[in-house]
Structures are given as structure tokens and as C-alpha cells.
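Please find below some remarks on the model, set out as numbered points.

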Amino acid sequence: MTKKITKDTFENKLDRLEEISHLLESDEIGLEYAMALYQEGIELSKDCISTLKVAELKITQLKKNLDTLTTDEENFFEE
Amino acid sequence: MFEQTEILTVSELTRQIKQTLEEEFLQITVQGEISNFKPHVSGHWYFNLKDSGAVISCTMWKGYNSSVFFTPQDGIKITVIGRITVYPPRGNYQFDVRSMKPAGIGELQSAFEILKQKLSNEGLFNEEFKKPIPSLPRRIGIVTAIDGAAFRDMISIARRRFPLVELVIAPSKVQGSGAAENIVESIKTLNRKKDIDVIIIGRGGGSIEDLWAFNEEIVVRSIFESKIPVISGIGHEIDFTISDFVADLRAATPSAAMEIATPDKADYFAFINDFLYNSGQNITNLFDNKKNRILNSIGSYGFKMPLDLLRRKSQQVDGIVYKMSVNFDKQFLMLKNKLSLLSKSLESHDVKKTLEKGFVLVKQDSKFITRSSKFIPGKETQLEFFDGEVNLNS
């Protein structure tokens with residue numbers, strides 16, 4: 001399960017977290033299932049928080065070649 | 001008039017006119033209204049300059065018009081500097097424009113209004129064409145000048161709010177001649193990349209001339225044609241360009257554009273905290289519910305019945321066991337007493353028989369003396385006969 005989480009994008013993780021949140025609000029939910037969801041939710045939360053905390057803004061500058069109009073990327077560092 | 005001494009050919013006459021006119025009007029400044037403006041694919045401009053009483057045809061070659069910061073429009077007044085040239089094959093004269101500027105700020109304003117009206121009539125600003133801005137972008141394209149303060153502001157805002165995003169910069173000239181073409185090219189380049197979620201077109205504040213590139217028709221049209229949603233952040237709050245009207249969203253400044261384009265990571269932290277708190281509560285409630293159900297079941301009458309039965313049976317068993325053990329103890333004690341009585345009588349019976357035969361038991365200090373070595377002479381001694389005891393006193 002953990003492997004699947006790390007492969008997903010931040011957006012997918014948030015969506016899943018939202019889904020889990022709704023599922024846990026239901027009264028019908030079984031205890032075992034609820035525990036599994038809660039566990040998954042905590043993993044996702046940790047994951048999202050650390051993703052946001054360690055994120056470094058990535059800046060890419062497009063290089064222009066006006067003759068051929070092709071573009072080419074290079075890392076661009078500000079300051 | 002000079003006196004004519006010979007008959008001239010058309011070419012000779014034209015040559016003389018050309019020389020006269022071109023020498024006379026070598027460097028002149030003229031003001032007039034543009035009409036019939038035609039940019040040719042070659043890059044040259046052809047138009048007329050007119051006032052209420054006259055019209056003069058004008059050319060402005062590519063090498064010169066590339067330094068004009070705005071694209072002329074019919075109806076606006078301009079001031080031009082140039083010279084008169086004569087074109088012999090057609091026998092006409094024209095004004096060869098070297099430099100051009102609007103006759104006043106009001107002229108740019110009216111150019112603005114004319115283009116805005118035209119594009120508005122075409123429907124370019126209609127709400128139905130506005131694309132939604134994604135709430136969680138992965139890549140933001142930026143069309144701006146990378147040496148500007150606006151660029152640095154946008155970067156620091158992205159870094160603070162949502163550093164998970166990637167900024168893809170299409171560096172552009174945003175002011176002066178060639179800026180419009182540059183901006184158009186940047187928008188097209190970003191559109192070719194396919195993985196850009198939103199484009200910000202940003203430029204810091206400036207005069208109407210400084211911001212003019214964003215009022216150019218080609219820029220406005222390229223924003224309209226962009227498949228990627230475009231946020232405009234041009235100038236200050238009070239500045240409006242035609243690009244702002246056609247953009248999918250207009251932000252007051254480049255910084256504001258970045259604020260709109262990026263979600264705030266603080267909101268996600270809050271969301272996650274809420275999740276952890278609420279779902280923790282939910283789980284606790286769920287446990288409490290189950291626990292209560294268990295407790296209720298145990299407390300129920302039906303659940304108590306077998307337990308009570310068990311207790312009753314258990315009590316009966318205890319009673320029986322108690323009775324049994326009491327009886328057993330009694331029996332045991334009785335038998336034990338009988339046994340000790342029997343054994344005692346058995347013992348004494350045995351000794352009496354021997355004494356009856358005439359043997360005597362010797363006691364000193366109430367102990368039987370069975371060997372001569374144990375006998376202490378002179379000590380008080382009892383002799384036990386079959387029929388009684390005798391004390392021997394020393």
C-alpha cells in the first residue's frame with residue numbers, strides 16, 4: 001500500500017485523503033475497514049506534509065532559438 | 001521659372017523634379033492622421049497621412065518601423081520625421097518615414113479604444129471563452145522579462161505559497177519595439193510544451209507607452225488563441241490593457257497573478273490537521289459505539305440468565321463439597337482416635353503380661369532404666385511390679 005502512495009501525485013493523495021475523510025464520517029463503516037482507512041490516512045498525511053515541507057521551487061527557463069523556433073530547457077537559478 | 005532651352009524627356013523632367021523635391025524636403029517633421037494603414041508581409045509599412053485638406057502617401061521601411069513601439073492604426077494622429085522621395089516609374093512622390101510617434105498620449109488612448117472596440121465586437125472578450133484556472137497547478141508558464149522586479153516578486157510568492165510547483169519561464173521583451181512579437185512567440189512556445197497548466201503574463205508598472213505591447217492586436221489575439229488558461233498581471237491596479245480584457249483572468253499586478261495561480265500550502269496543512277483531528281475523533285467514536293454495544297449486551301437480562309444459572313449450580317456444588325469434607329473430617333478423626341486407643345491398650349497389654357510373670361521395671365527420674373550402666377546408685381528409684389509401684393529412697 002505504501003508503495004502505491006509514493007507513486008501517486010500530491011493531488012491524488014489529497015483527493016484520497018478527502019475521500020477517506022468522508023468515508024470515516026459514515027456510521028455504517030466496519031471497524032476493521034475504518035482502522036485500515038485511518039492508517040492509510042495517517043500515512044498520506046505524513047506524506048503530504050513532508051512533501052510540502054521539503055519542496056524546493058523548481059524554475060526552468062526556456063531557451064529561444066528564433067531561427068528554428070525550437071526550445072530547449074536548462075535549469076535556471078535565480079540569484 | 002527658368003527659361004527652357006531644350007525639350008525634356010519625361011525621365012529628364014522627373015529626374016529634375018526628384019532632385020528639387022528631395023533636396024528641399026530632406027528632413028521634415030509632419031503631423032497627420034493615419035489612414036489606409038497596410039503592413040506588408042515584407043515588413044514594410046504603407047499608409048496615408050492626411051488632414052482635412054490633403055493626403056500624402058507614406059512608406060516606412062522594415063529597418064525603421066522595427067523601432068516603433070506601437071503598431072499604427074487608422075484614425076490616430078501621429079508625428080513623423082522623414083523626407084520626400086519621388087518614384088519615377090509611377091511619377092509620384094511619397095513621404096519616406098524614418099521615425100514615428102503618437103501625436104499625444106490621447107492618441108494612444110484612442111488607439112486603445114478603437115482596438116478594444118473592434119476586438120470586443122468580434123467577441124474576443126466574451127465570458128464563454130474564458131477558461132477556468134486550475135486550482136492545483138503543477139507547472140506555471142511565465143511570460144515576462146527576467147531582469148524585472150515583477151519576475152523576482154512572482155518567484156518569491158510561488159516559493160512561499162506553493163514550492164511544489166514548477167515555474168517555466170519564457171523570457172520576453174515586454175516593452176519597446178519587438179516586444180509584442182516576443183510576447184506572442186513566448187505564448188506560442190509555452191503552448192507547444194503541452195504540460196503547462198496555466199500561463200502568467202506579467203509586467204511591472206509603467207507608462208501607457210511602456211505597457212503598450214499588451215495593447216497590440218497580435219498579443220491580444222495570441223492570448224485569445226492560447227489553449228492554456230492565461231492570467232494577466234500587467235502594471236498596477238489602475239492599469240488596464242487590452243490583454244487584461246482577453247485574458248482568462250485579470251490580476252491587478254504580477255504578484256497578484258501568482259497569488260491567484262498558486263494554492264497556499266498553509267491551507268493544505270490546515271486541511272491535513274483537520275483530517276487528523278476529525279478522523280481521530282471518528283475512530284474514537286466508532287470504538288466507543290462498539291464498546292457500548294458490548295457493554296449493553298453483557299448487561300442485558302438475556303446475557304445474565306446463564307451466568308445466574310451457573311452461579312446457582314456452583315453454589316450447590318460448593319454446598320455438597322462442604323458437607324462431604326465435614327463428614328470426611330469427622331470420620332477421619334473418629335478412626336484416628338480409635339486407632340490410638342487400640343494401639344495404647346495393645347502396648348500396655350504387652351508389658352503387663354511380662355510383669356505378671358514376675359519381672360520388674362526400674363525407673364529413675366520417671367525413665368525406665370534398661371541397662372546397668374544407666375543406673376545411678378543412691379538416686380531415688382521406683383520399681384514397678386505387676387501389682388504396683390515401690391519407692392526406694394536412698
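1. The largest nonpolar core (buried Ala, Val, Leu, Ile, Met, Phe, Trp, Tyr and Cys residues joined through C-beta atoms within 7 Å) has 60 residues, of which B:I142, B:I183, B:I199 and B:I200 touch the most other members. Its main contributor is helix α5 of chain B (residues 179-193), with six residues. Domain 1 (10-103) and domain 2 (113-263) of chain B each supply at least three residues to this core; the domain bounds come from an automatic or database assignment.

2. The model is predicted: local features need pLDDT of at least 70 and side-chain atom pairs count only at pLDDT 80 or more, while totals for chains, interfaces and linings use all residues. Residues are numbered from 1 along each chain as its sequence is written, with chains lettered from A and ligands numbered from 1 in the order in which they are written.

3. A second, separate core comprises nine residues, including A:L17, A:L37, B:I272 and B:F275.

4. In helix α2 of chain A (residues 10-25; helices are DSSP runs of H or I, at least four residues), the buried residues are A:L17, A:I20 and A:L24. A residue is buried with 20 or more other C-beta atoms within 10 Å of its own, exposed with 12 or fewer, and partly exposed in between, C-beta atoms being placed from the backbone. Because they cover an arc of only 65° around the axis (taken from the directions from the axis to the C-beta atoms), these buried residues lie on the same side of α2(A).

5. The face turned away from that buried side carries exposed A:E18, A:E19 and A:H22.

Notes. Helix = DSSP H or I, 4+ residues; strand = E, 2+ residues; numbered from the N terminus.
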